[in-house]
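Visitor: I'm new to reading protein structures. Could you show me one and walk me through it?

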Amino acid sequence: QVRWTGEEGGEATESAGTATALPAGAGAVGTGAVGVGAALALVIIQERAIASLADTATVTGAGDLVVTAATTTATTATARMGAAGDVGVSPSAGVVLSTITAVSRIGAGALLHLAGDLVATATTTAAATAEGGAEATGSSAAVGVGLGLAIADHSARVILARNLDVDGAITATSTTVSSATSSSSPRATAT
C-alpha cells in the first residue's frame, strides 16, 4: 500500500483564528461633548491542504494507493464598542474573510496501474463567525452601528487527471462541512 501525504505540511491541517476588539471597563470609551468609540476586528485566512501524486510521477508495483487531504478551521472576529456624551457615536465591525480548501489529486501523466484499490479523499470542515456590537448614549443624539460580516469560500475537491487501470475499487470522496455566521447588535439611546 502506498500512502501520499500532503505537500504542504502533511495530509491534515487544523487551525483557528480569532480577532477581538473590546473596550476596557464599562465599555464607553468615548465620552464628553461628543463621545466617539470605534472598534474593528478583522480576520483574513487562506488555507489549503493538498495531497497529490505529482504530474508525470510514476508508481510501479503498488497494491493500494491512498491520497488524503483534510483541513479543519474555526475563525472568529468579535468587535464591541461604546460611546457616551452630548452626542454619542459608536461604530464597530467584526469581519471574517475565510478561504479554506482541501484537494486530493492524482496528477496528469502516463496510465496508472494499481493491483489494489485507489482511495482519494478531500475533507474540509470550516466555520467563520463574525459579530459586531455597538452601544451609544447621548443627551442630544446617539448613533450606534454594529456590523458582523462573514464571507466564506470553503471547498473540498478530488481531481483524477490521468487514466487509471485499477484492479480493485476506485473511491473518490470530497466532503465540505461549512458554516458562516454573522450577527450585529447596535443600540443607540438619546436621553
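Below are a few questions and answers about this predicted model.

Visitor: What does the secondary structure of the protein come to?

Guide: Start at the N terminus and you just keep meeting β elements, β-β-β-β-β-β-β-β-β-β. The tally is zero helices and 10 strands.

Visitor: Which element gives the largest share of the largest nonpolar core?
Guide: That core has 15 residues, and Leu 53, Leu 65 and Ile 106 are among those touching the most other members. Strands E5 (39–53), E6 (65–106), E7 (112–114) and E8 (118–160) each give two or more residues to it. The largest share is five residues, and it comes from E6.

Visitor: Where's the other core, or rather, which residues does the second, separate core include?
Guide: This one is separate from the core we just met, and it holds 12 residues. Generally, nonpolar side chains in soluble globular proteins tend to be buried together. Here the members include Ala 19, Val 43, Met 81 and Ala 150.

Visitor: Is Leu 40 buried or exposed?
Guide: Leu 40 lies in strand E5, and it helps make a nonpolar surface patch of about 610 Å², along with residues including Leu 42 and Leu 97. The cut-off for exposed is over 50% relative accessible area. Leu 40 has 55% relative accessibility, so it counts as exposed.

Visitor: What percentage of contacts between residues at least 6 apart in sequence join residues at least 24 apart?
Guide: Ile 106 makes a nice example of contacts, since its list includes Leu 53 and Leu 164. For the protein, counting contacts between residues at least 6 apart, the share joining residues at least 24 apart is 85%.

Note on methods: Residues numbered from 1 in each chain as written. Predicted model: local features only at pLDDT ≥ 70, side-chain atom pairs only at ≥ 80, totals over all residues. Heavy atoms only, no water. Core = buried A, V, L, I, M, F, W, Y, C linked by side-chain atoms within 4.5 Å. Buried < 20%, exposed > 50% of the residue type's maximum accessible area, 1.4 Å probe, protein only. Helix = DSSP H or I, 4+ residues; strand = E, 2+ residues; numbered from the N terminus. Contact = heavy atoms within 4.5 Å. Patch = residues over 30% accessible without salt bridge, like charges linked within 9 Å, V, L, I, M, F, W, Y side chains within 5 Å. Areas by Shrake-Rupley, 256 points an atom, 1.4 Å probe, with all protein chains shown as cover. Salt bridge = Lys/Arg side-chain N within 4 Å of Asp/Glu carboxyl O. Lists of a residue's contacts leave out its neighbours within four places in sequence.
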